[in-house]
Amino acid sequence: MHSIMQQPFKNAVLILVWGWLLFLVLAPNLLVVGASVMTRDPVSFLSLPLNLDAYRQLFDPLYLDVFLHSLYMAAMTTLVCLLIGYPFAWALSKVGKQRQLVLIFLLIVPFWTNSLVRTYALKLILATNGLLNSALMSVGLIDEPLQLLYTEGAVIIGLVYLLLPFMILPLYSVFEDLKQELLLASHDLGAGRLSTFVHVIVPLTLPGVLAGVMLVLLPAMGLFFVPDILGGSRNLLVGNVIKNQFLDARNWPFGAAASIVLTVTMAFLMFAHRLSKRRIGEEGA
Amino acid sequence: MTRWLPRTYLTLVYILLYVPIVVLVVFSFNESRTGYAWGGLSLRWYEALFNNRAMVNAMWNSLWLALSAATVSTVIGTLTALALHRYRFRGKKLLNGMLFVVMMSPEIVLAISLLALFLLVGLQLGYVSLLLAHVTFCLPFVVITVMARLSGFDESLPEAARDLGASDFTMTRTVLIPVIMPALLAGWLLGFTLSLDDVVVSTFVSGPSYEILPLRIYSMVRVGLKPEVNALGTLLLVFSLVMLMLSQWILVRSKR
């Protein structure tokens, strides 16, 4: 049991940690919620009265278009990451242990490399007189360069490139936990490959899928520098809107409301993830 | 399933992941100014980089910021992990929850919330605001790294230390800290890299008084192609590779 002598150390640690989190996490987030229901003010950014105008503005056709387009690009990014990442994680989990370590290391190297620089590298490849066009023209597949840069596709490619490891790692961890006995049992009970996949593998890897979706979908709406570098002015993300509203248009309530949309999406995804994990826990017990 | 199919697939994806990086490195040694065509081997962009005073200045600013942010977040993060691991206290779940939220929430949400706070309390945007912000987003990563190490460790050691009359503080210093040292170093390196790489949060909470590297790069690459960025990118790549290998080496060695 703790004697009185031990209390000061414990208390000091707890005060430091709580202080930091309350001041730099809880308070700022409450501020954003507050800002979203206040009125725009050119001088002090925010003023009374309280109202829901900012949320109404989200449904303004002009912004609604941007949001839906951003959501579409984020959804496509997530889907592409899932389609590439699912078989990838599966294949990775089948490789020998020693080689697996090397492969995972190779997967996280890009994660440790400056993401702006990597996005810029894509520009070298996708530009009108860039490498991809030159290569396609030199083998005679196309006669004149394709417009690859400043398109929706370029933004999605950029986002997939930056976010793919975040899809693969949680998937890899569920494939690692997948018990071989369950697959054998399914086989012994007469299930075919497809049936085993649909009824055993998919449900058991669902938490990994949802974790991956969460880690990809949200940044895919927020990483404003990707459209800035690759997308041109017509392919904006929610992140670009938030940034413009806070730093250029100085419309804080609207920027705050837009960011709350992201937070609510996150909360929803986290809830789904928990639910799927709990279900597996119950079935496994 | 045949063996070659998964292997071919893995190889293909790795090639796609690495092509842009290889292109960047190769082009950093390109003499040509246009950036797309090969004009012979040259180090001129590296030279241009180091002759650019604003760039070198931003580099030092970034290094100093990353060093300090990693250090502060390692100290606070380690103490938090120890508290979560050893103490029972009220609101423990809430504390865990807040850390989780920081880690999961989109960077831009954290960025605007911090900007709102800094402007409200009247903090001048610059080094201090950047430091506070960077420590905040590095913190959860340090906490989970250290927690992972603590959870796999023999509980009888701290008890023995306490039975021998060590105070909590002494026990932490002489028993726990040495045990978690590898995780502590790995957490520090992770924090350092996260800080050095950050664009989103820094865009919001930095001011003209303290220009850092990612923002400098950002303003360069938005307009056209800048060959210096290839050289800078290559240097950053080598730097993070060294850091990553260092942290892996520390973690692997400590498991033996």
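For this tour, Ala, Val, Leu, Ile, Met, Phe, Trp, Tyr, Cys and Pro count as nonpolar, Asp, Glu, Lys and Arg as charged, and the others, Gly among them, as polar. Keep in mind as you click around that this is a predicted model.

**Stop 1: the largest cavity**

Start by selecting Trp112(A), Thr113(A) and Asn114(A), then add Thr193(B), Leu196(B), Asp197(B), Leu236(B), Phe239(B) and Ser240(B); together they line the largest cavity. Color the two elements that give two or more residues to this lining, and you will have α8 (168-197) and α11 (227-255) of chain B in view. How is the lining divided by class? Count four nonpolar, four polar and one charged residues. The volume enclosed here is about 70 Å³, and the structure holds four cavities of 30 Å³ or more.

**Stop 2: chain B as a whole**

Now zoom out and show chain B as a cartoon. You should find 11 helices and zero strands, so to speak an α run from the N terminus on. Along its principal axes, the C-alpha trace of this chain spans about 70 × 60 × 35 Å.

**Stop 3: where chain A meets chain B**

Next, pick helix α5 of chain A (residues 115-126) and helix α1 of chain B (residues 4-28). Their axes come within 9 Å and cross at roughly 85 degrees. Angles of 65 to 115 degrees count as roughly perpendicular, and therefore α5(A) and α1(B) are described that way. Show side chains next: from α5(A), take Val117(A), Arg118(A), Tyr120(A), Ala121(A), Leu122(A), Leu124(A) and Ile125(A), which meet Val19(B), Pro20(B), Ile21(B), Val23(B) and Leu24(B) of α1(B). This contact has 11 nonpolar residues, no polar ones and one charged.

**Stop 4: α5 and α6 of chain B**

Stay with chain B and select α5 (residues 107-120) together with α6 (residues 127-151). Here the axes come within 11 Å, crossing at roughly 140 degrees, which makes α5(B) oblique to α6(B). The crossing is right-handed. Which residues of α5(B) meet α6(B)? Highlight Leu110(B), Leu114(B) and Phe118(B); across from them on α6(B) are Ser129(B), Leu132(B), Ala133(B), Thr136(B) and Phe137(B). By class, the contact divides into six nonpolar, two polar and no charged residues.

**Stop 5: α3 and α10 of chain B**

For the last stop, select α3 (residues 53-86) and α10 (residues 213-222), both in chain B. These helices pack at an angle of about 140 degrees, with their axes 8 Å apart. On the α3(B) side, display Ala54(B), Met55(B), Ala58(B), Met59(B) and Ser62(B); their partners in α10(B) are Leu213(B), Pro214(B), Arg216(B) and Met220(B). Color this contact by class and you will see seven nonpolar, one polar and one charged residues.

Note on methods
Residues are numbered from 1 along each chain as its sequence is written. Chains are lettered from A and ligands numbered from 1 in the order in which they are written. This is a predicted model: local features need pLDDT of at least 70, side-chain atom pairs count only at pLDDT 80 or more; totals for chains, interfaces and linings use all residues. Side-chain values use heavy atoms; hydrogens and water are left out. On a 1 Å grid over the protein atoms alone, a cavity is a set of points where a 1.4 Å probe fits but cannot get out, and a pocket is an open set with protein on both sides within 12 Å along at least five of seven lines; lining residues have an atom within 4 Å of a point. Grid points are joined across faces, edges and corners, and a volume is the space filled by probe spheres set on the points. Helices (H or I, at least four residues) and strands (E, at least two) are DSSP runs, numbered from the N terminus. Axes are lines fitted to C-alpha atoms, for helices over the stretch in contact, and angles run from 0 to 180 degrees between N-to-C directions. Angles under 35 degrees count as roughly parallel, over 145 as roughly antiparallel, 65 to 115 as roughly perpendicular and the rest as oblique. A crossing is left-handed if the near helix is turned anticlockwise from the far one by less than a right angle, and right-handed if clockwise. Contact means heavy atoms within 4.5 Å.
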